[in-house]
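Biologist: I am new to this structure and would like a close look at a single part. Please take the largest nonpolar core and tell me which residues touch the most other members.

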Amino acid sequence: MASKITISQYYDWWFDNALEFLGHLLEEVDVSLEWRNGIVFDPLDLDQIAQLVDNIERLIKFKLTYQKVGKDGSHEKANRAYLPTMHKGKYVNYLGKDTKVKQEITNYILNEKCEGKNSKMRICDFCMSYYFDEFNISQVSQTIYPVATGSLKSQCGVRKMETEYHACPTCAFLGSIAWLDDNPFTCDTDNLTNYILFPKVEDISKLHLIKDIIRDSVKQGKNSNVMEIYKGRNGLEYERYAKDEYSLLLSLFEQIMSIGYQIRSIGYQDEWICLGIKGTHPTYQTRYSYLSEIKIPNVKNLENIFRDIQKPYSNLVEKSFTKSLVTGKINNDLGRDNKYLMSKGIVMDDFKTFARAFRIRENCILTGINKELLYTLISQWRCNDGAV
Amino acid sequence: MMVQFEHEEMETMRKSGQVIGKIADRYISDLYQLDRTRSAEELIKQLKNLSLRAISLGKRSDESVYTEPLANLMDLINKYKDNHDEIKDIIIVYSTFYLGAIRYSNR
């Protein structure tokens, strides 16, 4: 029996999530593994590797595309172009290789990773191990690490530092498969920004428990995988989804609760990382990506709010709209801004931000708020005994 | 840490919001000015203006507008002088909500 294989934790939000996802994939092909500062598992046989690569290829087709409905009602598969997984219409890095090569790479990473060093080997910029670039996947782009700089000095704004990074096959593999994971995301189609949420957890076994619950609660959708489906007046089903990171977090909690969990069952997870990817119009390619952290100051208070008004996002924030007092027209720009302010206020326990949504600006007024819910929310939030 | 108010105090703020929303339906600039106040004194001054507005509004139209909540609110602001901003936030939320309800109640 060959010895066990260990891939240790990176203590980095992106690679830890990717490693957890690899563990999840391995569990699906019946590999017994332990979560111990990383993942520890038995070597895979060729059947299992073929199955694993098969699963990954299925996920590439499934996760990186969506069903697009054309103007004439035709359905076609369209790529999620805003993700930095493509270049000139082709998948890049590990994702773009043939099945055969994918199997070779996977086999190399999971089974026969050679140890030791000689002068021809390079050092991986992420995990500091020595490697050979056998498969031509080691150039780091946004596919591997979404906040990596570009490789052109004149364009990426970094002139005195190294702009090109290199990763070992393991890091390249992990970084590229992380796009296939069920991370809660939403897309604001008006300003072409995508938000993806990651729980920030150091302990990978705890991360695994949280992400399993998240996997259960997300759905498949075109612009978001955290959404509410409702029936319109004509009987057709529509999606209602959040348009910014705080609303996304609120609706994620709603989804988690709707499948029977509580905020305490994900361990009062209060630290989240939000990756924002901004695209441009004509090509819808990535313009820039940025990272922000959301630390919920008072999770227990948030739980009380969820207890009193079951769905603060879908029933209160999402139903609001902003109207002009003069013309009576709906102002969508301000409406989006107001929803953002309300969600941010609720999540960050900041009444001032929440109240900013209610200020009359540009002669536009926030309306469509449910009276009972608003009373309950404000009493819960600002009153001593919390009673209505 | 935010101030936690008593139940009666919340009721005072809610009722004041109702009154201010009613006034703002006619005189929207009064609500703008309330939003623009920067100190407890200014806030009280603007509330006095609003009370006068309410009285004149009550004389002109059939329905009367009560000014009692506004008087209680001024006492409340004197009590929490250092946190007048938080009281203002809550009043703004309620006023805007009631104004919206008056304007678009048919929906």
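Modeller: What follows sets out the chain first, then its contacts, then the core.

The model is predicted. Chain A holds 12 helices and 17 strands. Its radius of gyration is 23 Å, close to the 21 Å that the globule rule gives for 388 residues, so chain A is as compact as a globular protein of that length. Along the principal axes, the C-alpha atoms of chain A fill a box of roughly 75 × 50 × 45 Å. Of the 388 residues in chain A, 36% count as buried. Among contacts in chain A with a separation of 6 or more, 65% are between residues 24 or more positions apart.

The domain assignment divides chain A into domain 1 (5-181), domain 2 (183-295) and domain 3 (298-388). Between domain 2 and domain 3 of chain A, the C-alpha centres lie 20 Å apart. There, 16 residues of domain 2 of chain A are in contact with 17 residues of domain 3 of chain A. Helix α7 (residues 245-258) of chain A supplies eight residues, the largest share of the domain 2 side. By class, that side of domain 2 of chain A has eight nonpolar, two polar and six charged residues.

Chain A also meets chain B: 20 residues of chain A are in contact with 20 residues of chain B. On the chain A side, α11 (351-356), β17 (364-367) and α12 (371-382) each supply at least two residues. Helix α12(A) gives the most, with four residues. The chain A side that touches chain B has 12 nonpolar, three polar and five charged residues.

Now the core itself. In soluble globular proteins, nonpolar side chains tend to be buried together. The largest nonpolar core here has 73 residues, and those that touch the most other members are A:Leu197, A:Leu249, B:Ile20 and B:Val93. Helix α5 (residues 84-103) of chain B gives the most to this core, with nine residues. From chain A, the core draws at least three residues from each of domain 2 (183-295) and domain 3 (298-388).

One of the residues named above can be followed further. Not counting residues up to four places away in sequence, B:Ile20 touches B:Leu31, B:Leu34, B:Leu50, B:Ile91 and B:Ser95. Apart from the largest core, there is a second, separate core of 38 residues, which includes A:Phe21, A:Val53, A:Leu95 and A:Val201.

Definitions and conventions
Residues are numbered from 1 along each chain as its sequence is written. Chains are lettered from A and ligands numbered from 1 in the order in which they are written. This is a predicted model: local features need pLDDT of at least 70, side-chain atom pairs count only at pLDDT 80 or more; totals for chains, interfaces and linings use all residues. Domain bounds come from an automatic or database domain assignment. Two residues are in contact if their C-beta atoms, placed from the backbone, lie within 7 Å. Ala, Val, Leu, Ile, Met, Phe, Trp, Tyr, Cys and Pro count as nonpolar, Asp, Glu, Lys and Arg as charged, and the others, Gly among them, as polar. The radius of gyration is taken over C-alpha atoms; the globule rule is 2.2 Å times the number of residues to the power 0.38. A residue is buried if 20 or more other C-beta atoms lie within 10 Å of its own, exposed if 12 or fewer, and partly exposed in between; C-beta atoms are placed from the backbone. A nonpolar core is a set of buried Ala, Val, Leu, Ile, Met, Phe, Trp, Tyr and Cys residues joined through C-beta atoms within 7 Å.
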